[in-house]
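Got the viewer open? Let's take a short walk along a few strands, one selection at a time.

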Amino acid sequence: MTRVLGMGLFLAAVACEPSSLSDLPACEGWRPGDVVITEVLPDPEGTDTGREWLELYNPGRAAVDLRGLMLYAARADGAQERAYFFETSVPVEPRGHVVLGDVRTGTPAPPVDHAYGDALGALANTGGRLGLRCGEVVVDEVHYAKARSGVSRIFDGQRVPDAVDNDVPEHWCDSPASAEGGLRMSPGAENPPCPPGAAPDAGLSGTCLSPRTGETRSRVPPRPGDLLLTEVMADPRTVPDAQGEWVEVYALRDVDLNGVTLANEGTGRTVLDAPPRCLEMRAGTHAVLAREEHPARNGGLPSVLALFSFGVSNTAGFHLLRLSLEGQVLDEVSWTRASVAGVSLQLDPRHRTVPRAAPEVGWCLAPESARYGPGVGERGTPGGENRPCGP
């Protein structure tokens with residue numbers, strides 16, 4: 001446990017004065033290591049604001065309450081410290097976790113148990129400090145390394161969390177991927193083991209595990225002309241936008257989408273990846289990229305190859321989607337029309353080999369006969385061949 005007293009010391013000391021000197025709840029009896037920081041997500045995919053969080057662990061045999069403590073965050077050198085004071089009860093069960101999050105409106109939803117609002121500002125993506133203290137007692141402080149987008153930094157799950165062991169940089173790593181893919185984080189639960197020799201930026205490599213063959217092979221990066229954006233659902237009707245939006249991609253060559261960036265006309269961007277799994281596409285097939293992968297929540301989509309985190313605008317105005325790799329544009333489409341609820345915008349399959357001479361050329365609303373999902377469902381053909389547009 002690194003003992004560093006920052007700019008918030010005065011506030012913390014006042015917070016721990018007897019109640020006769022302050023209306024704030026007092027903290028007393030806290031010792032270094034009574035709670036331990038075990039995970040942090042400083043750089044969520046897409047917008048950071050309102051979605052950052054950190055995890056605390058209680059290694060003791062009795063429950064503790066964070067009321068009266070000061071949570072603080074700073075740059076790696078200790079500068080620009082900001083703090084949050086726990087005015088209300090936040091219990092942490094023995095051998096239990098609590099997740100604290102940058103939730104700025106409404107009631108915190110899983111995985112966040114308690115919101116600190118905007119008190120800490122934005123956590124530094126390039127590395128920083130996080131800590132808890134009561135007056136001059138630093139309960140725990142950690143220095144976290146540069147984070148990868150959408151990947152949490154974890155204290156090695158093979159080690160028993162304590163406030164000394166988590167000061168060692170080598171005992172932290174990027175949350176590892178599983179063969180099944182999915183989110184690379186474990187808020188509110190035991191952390192997985194760090195891979196041997198894991199480094200702060202570990203994760204991307206030149207190989208991946210093929211779900212089709214079960215063998216590790218070299219990745220096949222796409223080149224311009226290998227991929228086409230062929231369908232967009234910007235305004236689902238049966239489920240909320242944040243669950244039902246999706247984009248369809250068509251492959252003209254066998255490629256992997258690992259490392260490919262999907263971006264919109266603004267600040268929304270997601271780097272597609274699920275190490276160690278290959279995001280493989282065979283020539284002549286379609287893949288669905290979506291906001292949510294579970295069919296019960298995304299409106300009944302077929303298998304989703306990868307997830308993206310930003311929203312797709314459905315109002316009238318200029319809109320754009322772009323696929324790129326290492327700064328090189330693979331394909332992009334733009335449109336200006338407002339979306340029709342429950343109807344996708346699709347590329348006529350007869351225009352797959354036609355140069356994109358102008359926005360929306362060869363594009364139309366999915367026809368009435370194209371349906372997916374339970375019941376009446378939505379209009380579109382995610383993951384399948386598009387229907388020809390009318391005359």
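Start by selecting V36 and Y57: these two are bridge partners, with Y57 sitting in β2. Keep in mind as you click around that this is a predicted model.

Now widen the selection to strand β1, residues 36-41, and strand β2, residues 53-57. The two run antiparallel and are joined by five bridges. How many of the residues in β1 are buried? Six of its six.

Stay on β1 and add strand β11, residues 153-155. This pairing is antiparallel too, with two bridges between β1 and β11. To see how they line up, pick E39, which faces I154 in β11.

Next stop: the C-terminal side of the numbering. Select strand β23, residues 319-325. β23 is mostly covered, with six of its seven residues buried.

Which strand does β23 meet through four bridges? Bring up β18, residues 261-264, which runs antiparallel to β23. Click L262 and you'll find L323 of β23 opposite.

Then add strand β24, residues 328-335. Seven bridges tie β23 to β24, again antiparallel. For a spot to zoom in on, take S324, which has V329 of β24 across from it.

Last, look at how β23 and β24 connect. They make a hairpin with two residues between them. If you like checking backbone torsions, select E326 in that turn: its phi is positive, about 50°.

While you have the strands on screen, try showing side chains as sticks. In a regular strand, side chains alternate between the two faces of the sheet.

Methods: Residues numbered from 1 in each chain as written. Predicted model: local features only at pLDDT ≥ 70, side-chain atom pairs only at ≥ 80, totals over all residues. Heavy atoms only, no water. Buried < 20%, exposed > 50% of the residue type's maximum accessible area, 1.4 Å probe, protein only. Pairing = 2+ DSSP bridges.
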